[in-house]
Amino acid sequence: MADIQGTYDDLFTAVPGTLARFLDEGDVGGSVAVFVDGEPVVDVWGGHADAARSRPWQRDTLVNVWSVTKTMTALCALVLADRGALDPNAPVARYWPEFAAAGKKRVLVRHVLAHTAGLPDWDPPLGPSELYDWSTATSRLAAQAPEWEPGTAAGYHSLTQGFLVGELVRRVTGRTLGTFFAEEVAGPLGADFHIGLSEEYDARVAPVLPPPGQDEDYAARPPGAEGAPRTAALRVRDGNSTAWRRAEIPAAGGFGNARSVALVQSALACGGTVGETRLLSRAGCDRAREEQFEGEDRVLGMTTRWGLGYGLFGGSCGWGGWGGSLVMIEPESRSVVAYVTNQMREPAEDTRGLELVMAAQDGIEALRK
């Protein structure tokens with residue numbers, strides 16, 4: 001069995017055992033954390049940080065968690081909403097006047113958070129260099145017409161959502177999304193999670209590895225999509241580039257480990273407070289789970305339920321990332337399960353995150369008794 005490092009409560013032996021199985025089956029590396037009441041009951045890692053398996057995965061190894069980053073970006077918006085600085089029911093144009101162009105006066109902040117704004121991609125597609133230029137990416141969205149009546153349908157805004165929410169944060173606070181997150185969320189919590197990664201952290205990064213049989217040109221593609229993608233394909237090699245790490249891509253460019261993901265999202269699980277740090281009121285936490293949409297997603301080709309920036313799954317909320325990373329938050333049990341990995345699998349065949357959530361459930365239930 002693969003060697004697993006870290007610590008875990010005896011009630012949760014199934015979790016490191018499941019991670020070890022993934023590594024035995026061929027995965028290269030990853031980490032898992034389970035937090036209850038804002039404290040770690042599982043904090044484990046194993047495998048390697050590189051394809052050659054020459055660098056062991058360490059306690060502080062960082063990896064691109066792709067769309068798990070959306071939960072961090074959504075949390076920033078919820079913090080501002082809780083402070084009264086950003087109204088989810090207000091038009092986006094109240095904060096970003098240029099956004100009213102091309103029939104978007106009625107697009108609300110909550111539409112952006114719930115993937116119902118009608119701007120799932122750029123038309124025409126952005127080139128690679130434009131994606132790293134904040135002004136270009138946001139001005140293009142401000143000038144673009146929505147693809148459907150905002151609020152009436154959902155279509156996963158895989159990259160655009162981060163720029164839309166990030167520009168709202170910038171207009172309200174004068175700070176970039178990455179800076180606001182670092183100063184108002186990660187910093188106070190002591191969380192090792194970054195949106196826009198500086199050079200000092202490069203040595204700790206585990207490059208993302210494509211699924212077996214694929215190479216670094218392997219591209220993101222929604223599991224239910226048909227035909228050619230309408231946007232420039234995002235490839236594994238793009239996510240491993242220095243330009244990607246340095247840029248702020250708030251929908252998909254966050255770097256962290258399972259511990260930092262679970263720590264940050266414990267704020268939502270625990271009524272807004274982790275340890276001595278209060279980020280939100282309880283009402284502000286509840287806002288995340290106010291259903292905005294349920295139905296067939298035009299981009300993903302599957303049924304989705306959206307709250308304010310979080311996917312809804314029964315009484316839980318969270319989201320997963322391209323390649324397998326996942327976070328699931330359960331306010332009733334005040335718990336968070338987070339998994340990150342450098343080993344991608346084909347999305348339609350990847351159940352690792354959910355298997356880890358299930359592996360943690362017996363322990364969580366036992367703690368509640």
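Phe163 counts as buried, at 0% relative accessibility. That is a handy place to start in this predicted model, since Phe163 belongs to an aromatic pair. Its partner is Trp122: the ring centres are 5.6 Å apart and the planes sit at 75°, so the pair is edge-to-face, the cut-off for that label being over 60 degrees. Trp122 is buried as well, with a relative accessible area of 5%. In sequence the two are 41 residues apart, with Trp122 in the loop between helix H3 (109-113) and helix H4 (128-131) and Phe163 in helix H6 (residues 160-173).

Now for another geometry. Tyr218 and Trp322 are stacked, with 5.7 Å from centre to centre and 15° between the planes. Tyr218 comes from the loop between strand E5 (194-195) and helix H8 (236-239), while Trp322 comes from the loop between strand E12 (316-320) and E13, so this pair ties together parts that are 104 residues apart in sequence. Both residues also turn up in one aromatic cluster, formed by Trp66, Tyr218, Trp244 and Trp322. The count of aromatic pairs comes to twelve.

Here are the accessibilities of the four ring residues in those two pairs:

| Residue | Relative accessible area | Class |
|---|---|---|
| Trp122 | 5% | buried |
| Phe163 | 0% | buried |
| Tyr218 | 10% | buried |
| Trp322 | 13% | buried |

Rings also meet charges here. The charged end of Lys104 sits over the ring of Phe99, 4.8 Å from the ring centre. Arg345 lies over the face of Phe22, at 5.7 Å from the centre of that ring.

On to the strands. E3 (residues 39-47) runs antiparallel to E1 (residues 4-8), and five bridges join them; Gly6, for one, has Val44 in E3 as its bridge partner. E2 (residues 29-36) is also antiparallel to E3, joined to it by eight bridges, and there Gly30 is partnered with Gly46 of E3. E2 and E3 make a hairpin with two residues between them, and Asp37 in the turn has a positive phi of about 55°.

Last stop: Ser333, in the loop between strand E13 (326-330) and strand E14 (335-341). With a relative accessible area of 6%, Ser333 is buried. Its side chain makes polar contacts with two other side chains: that of Glu330 at 2.3 Å and that of Ser335 at 2.7 Å. Setting aside neighbours within four places in sequence, Ser333 is in contact with Val36, Ile364 and Arg368.

Methods. Residues are numbered from 1 along each chain as its sequence is written. This is a predicted model: local features need pLDDT of at least 70, side-chain atom pairs count only at pLDDT 80 or more; totals for chains, interfaces and linings use all residues. Side-chain values use heavy atoms; hydrogens and water are left out. Two strands pair if DSSP finds at least two bridges between them. Helices (H or I, at least four residues) and strands (E, at least two) are DSSP runs, numbered from the N terminus. Buried means under 20% relative accessible area, exposed over 50%, partly exposed in between (1.4 Å probe, protein chains only). A polar contact is a pair of N or O atoms within 3.5 Å; within protein, one must be able to donate a hydrogen and the other to accept it, and residues adjacent in sequence count only if both atoms are side-chain atoms. Contact means heavy atoms within 4.5 Å. Rings of Phe, Tyr and Trp (its six-membered ring) pair if their centres lie within 6.5 Å; planes under 30 degrees apart count as stacked, over 60 as edge-to-face and the rest as tilted. A charge sits over a ring if NZ of Lys or CZ of Arg is within 6 Å of the ring centre and within 35 degrees of the ring normal.
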